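Here is a short report for a reader new to this structure. It takes the helices, the sheets, the ligand and the loops in turn.

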Amino acid sequence: MNQGHPVIAVTHVRRAFGTKEVLKDISLQVEQAETFGILGPSGSGKTTLVKLLTGIDEVTSGQVEVLGVRMPKLSLLQQIGYMAQSDALYSELSAKENLEFFASLYGLRGGNRTRRIADVMEVVNLQEHLRKRVDQYSGGMKRRLSLAIALLHEPPLLILDEPTVGIDPVLRKSIWKELRTLNGKGTTIVVTTHVMDEAEKCDRLAMIRDGQLLAVDTPADLLQNTGAASMEEAFLYYGGVRR
Ligand SMILES: Nc1ncnc2c1ncn2[C@@H]1O[C@H](COP(=O)(O)OP(=O)(O)OP(=O)(O)O)[C@@H](O)[C@H]1O
């Protein structure tokens, strides 16, 4: 892989829908094996940014490079595990059938496929619900299954759009533990959130509001630089709300 280069390089990116500018001159880099958080309120542009990183959407101007390749690039999808905010599942199929479908898209076959399916279902604690139809799953279970699918092909880059929404605190903790383990193995993780305590678990954090990048730093430095007692306070500080 591209040793020494950032896994993601976003350079002066703008994205507009008609006359509405949703991302305004965003530049940032994500290094290998980082957990990089994108924190911002609803409507701030997190999903729009994430779609540019995965190549689902295209910049209006500027440039996005992933693993040294200019996006969008279809062939890079094999390298990315993407968990969208709305679950892309076949509800009339069982979890197993969904997993098998996505595994075949990623070229996983035979014993390897069976092993990966069992592994990822264990990570999200759904192993007992493998044969259940997805339309009988709760919202949180669907989120967990979507995460399992993103992990299936062991991609070097995981992009997770609000992965723990609707997931209870115990499982949320175990999912974060698993993400940390993947980091330890060299996986790079980009995760969007509007939950402050999740943001603090990231190695580095980009704070965005109204499509603008307010700050990028480690959670500890964001707190220190602002003199804030909490991430929430730091966010308000950068957002222009000073006490
Ligand atoms: N296809 C589109 N056409 C027009 N406007 C869009 C489109 N997609 C997103 N937007 C607008 O861009 C802004 C940012 O949306 P985005 O979904 O990126 O926010 P977000 O930070 O992910 O929010 P949330 O946390 O609620 O998911 C919003 O004002 C939204 O209405």
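## Two helices near the end of the numbering

α7 passes α8 in a left-handed crossing. The residues that make this contact are Pro219, Leu222, Leu223 and Thr226 of α7, with Met231, Ala234 and Tyr237 of α8. By class, 6 of the residues in the contact of α7 with α8 are nonpolar and 1 is polar. No charged residue takes part in this contact.

The model is predicted. In it, helix α7 covers residues 219-226 and helix α8 covers residues 231-238. Their axes come within 9 Å and cross at roughly 60°. That angle makes α7 oblique to α8.

## A second helix pair

Helix α2 spans residues 95-105, and helix α3 spans residues 110-123. They pack at an angle of about 125°. Their axes lie 11 Å apart. α2 and α3 are therefore oblique to each other. α2 passes α3 in a right-handed crossing.

Which residues of α2 and α3 meet? From α2 come Lys96, Leu99 and Ala103. From α3 come Arg113, Arg116 and Ile117. By class, the contact of α2 with α3 has 3 nonpolar and 3 charged residues. It has no polar residues.

## The sheet of 6 strands

Strands of a sheet pair through backbone hydrogen bonds, either parallel or antiparallel. One open sheet here has 6 strands, in the order β6-β7-β8-β3-β9-β10. Its pairing is mixed. β6 and β10 (212-217) stand at the edges, each with a single partner strand, so one side of each has no neighbour in the sheet. On average, neighbouring strands of this sheet are turned by 15° against each other, direction ignored.

Strand β9 holds residues 204-209. β9 and β10 run antiparallel and are joined by 5 bridges. Ile208 stands opposite Leu213 in β10.

## Helices across that sheet

Which strands does α1 lie across? They are β3, β6, β7 (157-161), β8 (188-193) and β9. α1 runs at about 155° to β7.

Helix α5 takes in residues 169-184. It lies across β3, β7 and β8. Its angle to β8 is about 150°.

## The sheet of 4 strands

Another open sheet has 4 strands, in the order β2-β1-β4-β5. Its pairing is antiparallel. Which strands are at the edges? They are β2 and β5 (69-70), and each pairs on one side only.

Strand β1 covers residues 8-17. It runs antiparallel to β2, and 7 bridges join the two. The bridge partner of Arg15 is Leu23, in β2.

## Around the ligand

How many residues are around the ligand? There are 13. Of these, Phe17, Ser42, Lys46, Thr47 and Thr48 come nearest. The elements that give two or more residues to the shell are β2 (20-30) and α1 (46-54).

The largest share of the shell, 3 residues, comes from α1. This is the helix that also lies across strands of the sheet of 6, among them β7. By class, the shell around the ligand has 9 polar, 2 nonpolar and 2 charged residues.

## Two points in the loops

A cis peptide bond joins Met71 and Pro72. Its omega is about 5°. Pro72 lies in the loop between β5 and β6 (80-83). β5 is an edge strand of the sheet of 4, while β6 is at an edge of the sheet of 6.

The other point is Ala33. It has a positive phi of about 65°, although it is not a glycine. Ala33 is found in the loop between β2 and β3 (35-39). β2 belongs to the sheet of 4 strands, and β3 to the sheet of 6.

Notes: Residues are numbered from 1 along each chain as its sequence is written. This is a predicted model: local features need pLDDT of at least 70, side-chain atom pairs count only at pLDDT 80 or more; totals for chains, interfaces and linings use all residues. A residue is near a molecule or strand if its C-beta atom, placed from the backbone, lies within 6 Å of it. Ala, Val, Leu, Ile, Met, Phe, Trp, Tyr, Cys and Pro count as nonpolar, Asp, Glu, Lys and Arg as charged, and the others, Gly among them, as polar. Two strands pair if DSSP finds at least two bridges between them. Axes are lines fitted to C-alpha atoms, for helices over the stretch in contact, and angles run from 0 to 180 degrees between N-to-C directions. Angles under 35 degrees count as roughly parallel, over 145 as roughly antiparallel, 65 to 115 as roughly perpendicular and the rest as oblique. A crossing is left-handed if the near helix is turned anticlockwise from the far one by less than a right angle, and right-handed if clockwise. Two residues are in contact if their C-beta atoms, placed from the backbone, lie within 7 Å.
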